[in-house]
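Work through the exercises below with the sequence and the coordinates at hand. Each task is followed by a stepwise solution.

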Amino acid sequence: MKNRLKVLRAMRNWSQAELAERLDVSRQAVNAIETGKHDPSLPLAFRIARLFELPIEEIFDDEA
Amino acid sequence: MTKPDRDDLTTEPTEGAVLLRQAGLGLGGGIALIFIAGMISGYVGSALERGGPDLFDGALIAGVVLLAGLVALGMWWFWPRSGREPVAPRVQSARRLVVLAIALGLPFGFLLGLSEEGSGTLFSNAPVSAGIAAISMLMWLILGPLITWLWWQKIDEHEAGAYREGALVAAHAYLFITPAWWLASRAGWLPQIEPMLMLVAVAVIWSAVWFVRRYF
């Protein structure tokens, strides 16, 4: 599943580790989501959406 | 612009490469230190049998201790380090539990290996004393599952997925290898099935899949 996590992170000037700390996951998890190797669970997707104050569908694209 | 991550920098080694180097240094240095410790204990034992260490023995032992110190210093010196980066609380907790498991398991395994009762090998089927058996069973049946369960509560969903996938592959490896080996031994092609060897094989396959899925 494609997502805009890396772009959103870049807009806030956060490193992967900083985003991981905010989401309470490992840096490897953030990297795997950004590169499309891991699709986050619904609870984690909601945490990401809340953190960036965006609807889930503006972050994740299930068309790809 | 985002702050650089290891994954964003092409000149930096990948995280997998760093971990492999850490594993190589840890295993190599650890084996060397265990070997040196065994050498010291063996030499001290023989010196005591001869009536106690003399000046030459003392100098020799001091030299070997110095060698152990150099090995430890080398491990520390060459250990690949990443810059200080923030770590989520649950990741810190999971790491602490791994360190606890190693701190409990390594000294016990080392002592078991040194004791003649264990015959110095994991694959030995030699009899062991009731004390060793009781402590080992306590570790495997109570401490092991407890620490594993606590660790499982702390890891994030990405690592949990890698762990589950490793378990699935390892379970299938067990499912297919065990009956094949059993039949091969009945046909006289292989020795009798060795449960501890199967345990190690399953653990290695499980760990390898977990490692690849988590870091690559």
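The exercises deal with folds, one helix, cores, the chain contact and three loop residues.

The model is predicted: local features need pLDDT of at least 70, side-chain atom pairs count only at pLDDT 80 or more, and totals for chains, interfaces and linings use all residues. Residues are numbered from 1 along each chain as its sequence is written, while chains are lettered from A and ligands numbered from 1 in the order in which they are written.

**Exercise 1. Describe the make-up of chain B.**

Step 1. Count the elements, taking helices (H or I, at least four residues) and strands (E, at least two) as DSSP runs numbered from the N terminus. Chain B has six helices and zero strands.

Step 2. Assess burial: a residue is buried if 20 or more other C-beta atoms, placed from the backbone, lie within 10 Å of its own, exposed if 12 or fewer, and partly exposed in between. Of the 216 residues in chain B, 8% are buried.

Step 3. Divide the chain, with bounds from an automatic or database domain assignment. Chain B is given domain 1 (14-84), domain 2 (86-155) and domain 3 (157-216). Between domain 1 and domain 3 of chain B, the C-alpha centres are 32 Å apart.

**Exercise 2. Check the length of helix α6 of chain B and find which residues are buried.**

Step 1. The expected span is 1.5 Å times one less than the number of residues. For the 21 residues of α6(B) (195-215) this gives 30 Å, and the end C-alpha atoms are 30 Å apart, which agrees.

Step 2. The buried residues of α6(B) are Trp206(B), Val209(B), Trp210(B), Arg213(B) and Arg214(B). Seen down the helix axis, they fall within an arc of 125° and so line one face of α6(B); the arc is that of the directions from the axis to the C-beta atoms. An α-helix has 3.6 residues a turn, so residues three or four places apart point the same way.

Step 3. On the other side of α6(B), Met196(B) and Val204(B) are exposed. The buried residues pack against α3 (27-34) of chain A and α5 (157-186) of chain B.

**Exercise 3. Locate the nonpolar cores.**

Step 1. A nonpolar core is a set of buried Ala, Val, Leu, Ile, Met, Phe, Trp, Tyr and Cys residues joined through C-beta atoms within 7 Å. The largest has 15 residues, and those with the most contacts inside it include Ala20(A), Val30(A) and Ala88(B).

Step 2. At least two residues of this core come from each of α2 (16-23) and α3 of chain A and α3 (89-114) of chain B. The most, four residues, come from α3(A).

Step 3. Apart from it lies another core of five residues, among them Ala162(B), Ala170(B), Trp206(B) and Trp210(B).

**Exercise 4. Characterise the side of chain B that touches chain A.**

Step 1. Two residues are in contact if their C-beta atoms, placed from the backbone, lie within 7 Å. On this basis, 19 residues of chain B are in contact with 21 residues of chain A.

Step 2. α3, α5 and α6 of chain B each supply at least two residues of this side, and α5(B) gives the most, with four.

**Exercise 5. Place three loop residues of chain A and state their exposure.**

Step 1. Asn13(A) sits in the loop between α1 (5-11) and α2. Its phi is near 60°, a positive value in a residue other than glycine. With 10 C-beta neighbours inside 10 Å, Asn13(A) counts as exposed.

Step 2. Glu53(A) is in the loop between α4 and α5 (56-59) of chain A, has a positive phi of about 55°, and is exposed, with 6 other C-beta atoms within 10 Å.

Step 3. Ser41(A), in the loop between α3 and α4 (42-52) of chain A, is partly exposed, with 14 other C-beta atoms within 10 Å.
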